[in-house]
Amino acid sequence: MTEKALSSEQMEILISQLEERFYKNMHRHEGMDWNAIQAKLTNNMEKLWSLYEMERTAGEPDVIGYDNETSAYIFCDCSKESPKGRRSVCYDHAALESRKKHKPATSAIDMANAMDIEILTEEQYRYLQILESFDTKTSSWIKTPSAIRELGGALFCDYRFEQVFVYHNGAESYYASRGFRGVLYV
């Protein structure tokens, strides 16, 4: 098994989990056909590996859309709260390096890059909240504009009082209740 490959057993289990989640949550992808999605998955092992990593870190990835321009299905972390396996991380590598004491294990951007996924943008996060309520007790880092990041800040979101709230923090901060959600185009 290469570094970014799954065994046959891992692949079978993952596809089964994704299929079960797909059918349990049809409101996230009305009118889509699982067979077409599965065919695309089984022909793209690198993307399947990324989905495995999303699942392994408790993201509960599911299809939330289709990109007509790229002919890609859009998978996103749909765990009710920020994925447990991706919490207690600062925003990016520069923030991690800037901490003198009590450094977290990694950063959200480094972890997303290692998984070959993208952190949600504010627009993607807001779209996700239209499908159902997420992060009602936790929060998730979102892609931060470079102008804010250059000043030392980073953005995160949560969902409270039936509203999406966008906040700022120092990029080096990290909390047990803040992680990040990822998106993957397959």
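Which residue's side chain meets that of Arg56 in a salt bridge? Here are some notes on that pair and on what surrounds it, bearing in mind that this is a predicted model.

1. **The pair in helix 3.** The partner is Glu53: the two side chains come together in a salt bridge, at 2.7 Å from N to O. Both residues belong to helix 3 and sit three residues apart, about one turn of the helix. That spacing is worth a thought, because an α-helix has 3.6 residues a turn, so residues three or four places apart point the same way. The two ends of the bridge differ in cover: Arg56 is exposed because its relative accessible area, 52%, is over 50%, while Glu53 is buried because its value, 11%, is under 20%.

2. **Helix 3 itself.** If you trace this helix, you will count 12 residues and a reach of 16 Å from the first C-alpha to the last, close to the 16 Å expected at 1.5 Å a residue. Its buried residues are Leu48, Trp49, Ser50, Leu51, Glu53, Met54 and Glu55. Their cover includes helix 1, helix 2, strand 1 (61-67), strand 2, helix 5 and strand 8 (182-185). Just past the end of helix 3, have a look at Ala58, which takes a positive phi of about 70°.

3. **The nonpolar cores.** The largest nonpolar core has 34 residues, and Ile37, Leu41, Leu51, Phe75, Trp141 and Phe180 have the most contacts inside it. At least two residues of this core come from each of helix 1 (8-24), helix 2 (34-42), helix 3 (45-56), strand 2 (72-77), helix 4 (93-98), helix 5 (108-115) and strand 5 (153-160). Another core, of 15 residues, lies apart from it; Cys76, Cys78, Tyr159 and Val183 are among its members.

4. **A close look at Leu41.** Leaving aside residues up to four places away in sequence, Leu41 touches Leu18, Trp34, Leu48, Leu51, Phe75 and Val186. Two of these names, Leu48 and Leu51, will be familiar from the buried residues of helix 3.

5. **Glu132 and Lys80.** The structure holds 13 salt bridges, and some of them link distant parts of the chain. In one, the closest N and O atoms of Glu132 and Lys80 are 3.2 Å apart. Glu132 is in the loop between helix 6 (122-131) and strand 4 (139-141), whereas Lys80 is in the loop between strand 2 and helix 4, 52 residues apart. Glu132 counts as buried, at 16% relative accessibility, and Lys80 as partly exposed, at 44%.

6. **Arg149 and Asp92.** These side chains also meet in a salt bridge, with 2.7 Å from N to O. Arg149 lies in helix 7 (residues 146-150) and Asp92 in the loop between strand 2 and helix 4, so this bridge ties together parts that are 57 residues apart in sequence. Arg149 counts as buried at 18% relative accessibility, and Asp92 counts as buried at 13%.

7. **A network.** Through salt bridges that share partners, Arg28, Asp62, Lys80 and Glu132 are joined into one network. When you view the Glu132 and Lys80 bridge, do bring Arg28 and Asp62 into the picture as well.

8. **A nonpolar patch on the surface.** Finally, turn to the outside: Phe161, Phe165 and Tyr167 make a nonpolar surface patch of about 340 Å². Phe165 is found in strand 6 (residues 163-170), and this residue is partly exposed, with a relative accessible area of 30%.

Methods. Residues are numbered from 1 along each chain as its sequence is written. This is a predicted model: local features need pLDDT of at least 70, side-chain atom pairs count only at pLDDT 80 or more; totals for chains, interfaces and linings use all residues. Side-chain values use heavy atoms; hydrogens and water are left out. Patches are made of residues with over 30% relative accessible area and no salt bridge: like charges are joined within 9 Å, nonpolar side chains (Val, Leu, Ile, Met, Phe, Trp, Tyr) within 5 Å. Accessible areas come from the Shrake-Rupley method with a 1.4 Å probe; for residues, only the protein chains shown count as cover. A salt bridge is a side-chain nitrogen of Lys or Arg within 4 Å of a carboxyl oxygen of Asp or Glu. Helices (H or I, at least four residues) and strands (E, at least two) are DSSP runs, numbered from the N terminus. Buried means under 20% relative accessible area, exposed over 50%, partly exposed in between (1.4 Å probe, protein chains only). A nonpolar core is a set of buried Ala, Val, Leu, Ile, Met, Phe, Trp, Tyr and Cys residues joined through side-chain atoms within 4.5 Å. Contact means heavy atoms within 4.5 Å. The expected span of a helix is 1.5 Å times one less than its number of residues.
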